[in-house]
Structures are given as structure tokens and as C-alpha cells.
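Biologist: I am new to this structure and would be grateful for a close look at one topic, the pairing of charged side chains. Please explain each term as it arises.

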Amino acid sequence: MRIHPIIAGNWKMNFTPSESEVFVGKCRNMLLDIERSQVIFCPPFTGLERAKNALQGSTHGLGAQNCHWESKGAYTGEISLEMLIDIGVQYVIAGHSERRHIFNESDSWINRKVKAILNADLTPILCIGETLEERNSGKTEQVIQTQLNQGLNGVPDISGIIIAYEPVWAIGTGVTATPGQAGEAHAIIRQTIRSIFGADNVDALRILYGGSVKPDNAEALIEIPGVDGFLIGGASLKAEDFSDIAHIVEHKYLRN
Ligand code: PEP
């Protein structure tokens, strides 16, 4: 089965609503020939609506960076899935390492989010990955397995979920995982998913790599078996870089 790759841009806390609209419009013009890959823009909440306007009539996707699992109520500062759906959001990132480490989100919170996103018929992008300390103490496999087992606890099947492997030490640092490290982690993820859900649907699962992806390393990273696209932070804020990475991914798909 051929898997269509994904290039997702996580803007984090960057771009005002007007900048979001202009930026998406600019990227759109640069991505006109991207037909096989799914491009996803993930602006901050405030930029979603303007980004959506700029995406009218295109096949690119719109993603949110976070959500709350409850549908409404006394949760000051939070955003529900119903609100995101009303704007036209299709994807929601859950468990990004900045949410885990800066905002202390636990696996159990992330699990509630994943289930709520699925119940809302949206697609979760579940981020997992080890810290440098965990890697150096030989715990990478265990961390990946725990984050998957707990993050996906009670989820009936894996179809409709995207996983992003993002080693914490590679996010925003300029350091990328070597092909060996990324390939090994992606294989562990696929094996763990197989053991949780059985072999069905695992072939269709898309596992993205994230962590300092740039135009000059994207070629090598997309060649790694089991890497089905990228979740991109810093380089997704530069239209030229984001477009170059998307073209590298698209060309790899067309070549195979
Ligand atoms: C991210 O925030 O998901 C990310 C991978 O960031 P960067 O590409 O900047 O490392």
C-alpha cells in the first residue's frame, strides 16, 4: 500500500492573524504542484480563521496545536473541539513536547485529548519522543512504548491517527536524529502499535519525524525507511524552507 506523505508546519506561538493569512497565501502559491502529499498548517488558535480563509479551495489541511477534551464549561483559557470544528480545523496536535515539558501535560491528559479529537471526527497528531537524559540512559524504547500505550489507552483502532516521533533533544536545537536513530525509533513505534492494535491498519499508519528538519537535511531524513513525512517547527515559518521541504517529500514519493 502506498502511503501519502504529510508535511505539517507547527508554527507554535508565531504570526498574528493577519500575518497568518498572508503567510498561508504565499505558501499556497509555492505549493501549487504538490499533489500527492498532504500539507497541513498549524497556526496558533488566533490565526486559524484567517489561515482557513487563505486555504479556501485548496487541498491543504488546517491543524490546531492543542485543544481541551471537554466540550464546554468553566475552563478559563481553553479551546474546545467544537470551536475548532466551527472554524474548519481538521487536525489537532496532542502531546507536543513543549506542552509536556513546559505545561506539564501528562500522558493521561494527552490520552483524553486524543480520544476527544477522535470522537469529534478530527485527526490527532500524537507527538511522542524521549529527552536527551532518557536517551543517554538507554530508556528511549521504554519512553516510546509508555507514551504510546498511555496516550492511546482505550482508543479502539489506530486508523485516523498520525504519530509524530519528535526526540525532545532535536526540537528547535538544530540537532537532528541520525538516520539510524530515527529509523530505529520509527521501527519501535510501528512494532508497538502492532502489538497494541494487531497487524491490521498498521501499514497505513503515518509516522512523521520532527526535530530541526530543514531543507538541507530533509532529503536524508525522508529516505529513512518508516519516515512518512515531517512535523516542522522553525522551518515552517519560512515559506521558502517549508516549500523546499514539501517538494523534497513530494519528489521522493513520485520517485518510488
Ligand atoms: C516542532 O515544534 O514540532 C519541531 C519539530 O520544531 P523544530 O522543527 O523547530 O525542531
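Modeller: The account below takes the salt bridges one pair at a time.

This is a predicted model, in which local features need pLDDT of at least 70 and side-chain atom pairs count only at pLDDT 80 or more, while totals for chains, interfaces and linings use all residues. Residues are numbered from 1 along each chain as its sequence is written, and side-chain values use heavy atoms, with hydrogens and water left out.

Side chains of opposite charge can pair when their charged atoms come close. A salt bridge is counted here when a side-chain nitrogen of Lys or Arg lies within 4 Å of a carboxyl oxygen of Asp or Glu. By this rule the model has 9 salt bridges.

One of them joins the side chains of E98 and K12, with 2.8 Å from N to O. The two residues are 86 apart and belong to distant parts of the chain: E98 is in helix 4 (residues 97-101), and K12 is in the loop between strand 1 (6-10) and helix 1 (17-30). Helices (H or I, at least four residues) and strands (E, at least two) are DSSP runs, numbered from the N terminus. E98 has 25% relative accessibility and therefore counts as partly exposed; K12, at 22%, also counts as partly exposed. These classes call a residue buried under 20% relative accessible area, exposed over 50%, and partly exposed in between, with a 1.4 Å probe and protein chains only.

A second pair is formed by R50 and E21, whose side chains meet at 2.4 Å from N to O. This bridge, too, links distant parts of the chain, since R50 lies in helix 2 (residues 48-55) and E21 in helix 1, 29 residues apart. R50 has a relative accessible area of 34% and so is partly exposed. E21 is partly exposed because its relative accessibility is 25%.

The pair of K113 and E105 completes this selection, with 2.8 Å from N to O between the side chains. Are these two residues buried or exposed? K113 has a relative accessible area of 3%, which means that it is buried. E105 has a value of 6% and is therefore buried. The pair also belongs to a network: salt bridges that share partners join R99, E105 and K113.

In summary, the E98 and K12 bridge has partners that are partly exposed, as does the bridge of R50 and E21, whereas K113 and E105 are buried.
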